[in-house]
Amino acid sequence: TFPIIPTIRVATPIYDEDNNLFGIIIINSNTDKLFHLDKYRNIEAKETYLVDKDGCYLFHNDIDKTFSFEFKKSLILVIF
């Protein structure tokens, strides 16, 4: 759905005292709000990036590069 909301999802299983699976807790968080990235989007003097473990941009000042790997755009990778 649009607009795209950049989200980090964390999940963990919950076990009872007998070590049986009781349930799962899943937390979704809007990364713009979590990391206050929205305030960095249009500041030319600052370069702000958030990358995944593969070096793909999850956040980039240039909105066209944010999540570009999800939308079949050319991959922009960060090399460490």
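1. A residue is called exposed when its relative accessible area is over 50%. Lys 53 has a relative accessible area of 79%, and therefore counts as exposed. This lysine forms a salt bridge with Asp 54, and the closest N and O atoms of the pair are 3.6 Å apart. The count of salt bridges comes to one.

2. The model under review is predicted. Its chain has a mean pLDDT of 76, with 72% of the residues at 70 or more. Confidence is not even among the elements: strand E2 has the highest mean, 92, whereas helix H1 (residues 31-34) has the lowest, 71. Statements about H1 should be read with that mean of 71 in view.

3. As to the overall arrangement, one helix and four strands make up the elements of the chain. Read from the N terminus, their order is β-β-α-β-β. Of the contacts with a separation of 6 or more, 13% involve residues 24 or more positions apart.

4. On burial and surface, the chain has 80 residues, of which 21% are buried. The exposed area of the chain is about 6,600 Å², and 57% of that area is supplied by carbon and sulfur atoms.

5. The N-terminal hairpin consists of E1 (residues 7-15) and E2 (residues 21-30). The two strands run antiparallel and are joined by nine bridges. One of the pairings sets Ile 8 against its bridge partner in E2, Ser 29. Five residues lie between E1 and E2, and in this turn Asn 19 has a positive phi of about 65°.

6. How many of the 10 residues of E2 are buried? The number is one, so the strand lies largely in the open. In a regular strand, side chains alternate between the two faces of the sheet.

7. Ile 26 deserves separate comment. This isoleucine belongs to strand E2, and it counts as exposed because its relative accessibility is 52%, the cut-off being over 50%. Beyond its neighbours within four places in sequence, Ile 26 is in contact with Arg 9, Val 10 and Ala 11. Thr 12 is 14 residues away from Ile 26 along the chain, yet the C-alpha atoms of the two are separated by 6.7 Å.

8. Which residues form a nonpolar patch on the surface? Ile 26 is one of them, together with Tyr 15, Leu 21 and Ile 24, and the accessible area of the four is about 440 Å² together. Strand E2 provides the largest share of this patch, three residues.

9. The second hairpin is formed by E3 (residues 49-51) and E4 (residues 57-60). Here too the strands run antiparallel, and three bridges join them. Leu 50 has Phe 59 as its bridge partner in E4. There are five residues between E3 and E4, and Gly 55 in this hairpin takes a positive phi near 85°.

10. To summarise the points for discussion: the pairing of E1 with E2 involves nine bridges, and that of E3 with E4 involves three. Strand E2 has the highest mean confidence, 92, and supplies three residues to the nonpolar patch. The salt bridge of the chain joins Lys 53 and Asp 54.

Methods. Residues numbered from 1 in each chain as written. Heavy atoms only, no water. Pairing = 2+ DSSP bridges. Patch = residues over 30% accessible without salt bridge, like charges linked within 9 Å, V, L, I, M, F, W, Y side chains within 5 Å. Areas by Shrake-Rupley, 256 points an atom, 1.4 Å probe, with all protein chains shown as cover. Salt bridge = Lys/Arg side-chain N within 4 Å of Asp/Glu carboxyl O. Buried < 20%, exposed > 50% of the residue type's maximum accessible area, 1.4 Å probe, protein only. Contact = heavy atoms within 4.5 Å. pLDDT = per-residue confidence, 0-100.
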